[in-house]
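Let's take a look at the pockets and the surface of this one. Have the sequence and the 3D view open side by side as you read.

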Amino acid sequence: MNAYKTYITIADPKELVLSDLPFKAGQRVEVIILTEDNQKVTLAEELKKLFQ
């Protein structure tokens, strides 16, 4: 199994567009979507919970 990694920013939450991929037409690929954790947002939410 080979892996290809790329990063994009979602412009429209209803659509994901990947372009310029290094695959051949008809090639079967597995797509796994992972999100980056925004650590500042996560820490702020945890801090708010502590003060409640």
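Start with the largest pocket: 26 residues line it, and Tyr4, Lys5, Thr6, Val31 and Ile32 are the ones nearest its centre. Keep in mind that this is a predicted model. The volume of the largest pocket comes to about 1200 Å³. What is its lining made of? Sorted by kind, the lining residues come out as 16 nonpolar, 5 polar and 5 charged.

Now for the outside. A nonpolar patch of about 900 Å² sits on the surface, built from Tyr4, Ile8, Ile10, Leu16, Leu18, Leu21, Phe23, Val29, Val31 and Ile33. Tyr4 and Val31 belong to this patch, and both are also among the residues nearest the centre of the largest pocket.

Two residues are worth clicking on, Ile8 from the patch and Asp20 with its backbone angle. Ile8 sits in the segment before α1 (39–51), and Asp20 is found in the segment before α1 as well.

| Residue | Relative accessible area |
|---|---|
| Ile8 | 41% |
| Asp20 | 74% |

Ile8 counts as partly exposed because its relative accessible area is 41%, between the 20% and 50% cut-offs. Asp20, at 74%, is exposed.

As for that angle, most residues other than glycine have a negative phi. Asp20 isn't a glycine, yet its phi is positive, at about 55°.

How values were computed. Residues numbered from 1 in each chain as written. Predicted model: local features only at pLDDT ≥ 70, side-chain atom pairs only at ≥ 80, totals over all residues. Heavy atoms only, no water. Patch = residues over 30% accessible without salt bridge, like charges linked within 9 Å, V, L, I, M, F, W, Y side chains within 5 Å. Areas by Shrake-Rupley, 256 points an atom, 1.4 Å probe, with all protein chains shown as cover. Salt bridge = Lys/Arg side-chain N within 4 Å of Asp/Glu carboxyl O. Helix = DSSP H or I, 4+ residues; strand = E, 2+ residues; numbered from the N terminus. Buried < 20%, exposed > 50% of the residue type's maximum accessible area, 1.4 Å probe, protein only. 1 Å grid on protein atoms, 1.4 Å probe; cavity = no way out; pocket = protein on both sides within 12 Å on 5 of 7 lines; lining within 4 Å. Points joined across faces, edges and corners; volume = space filled by probe spheres on them. Nonpolar A, V, L, I, M, F, W, Y, C, P; charged D, E, K, R; others polar.
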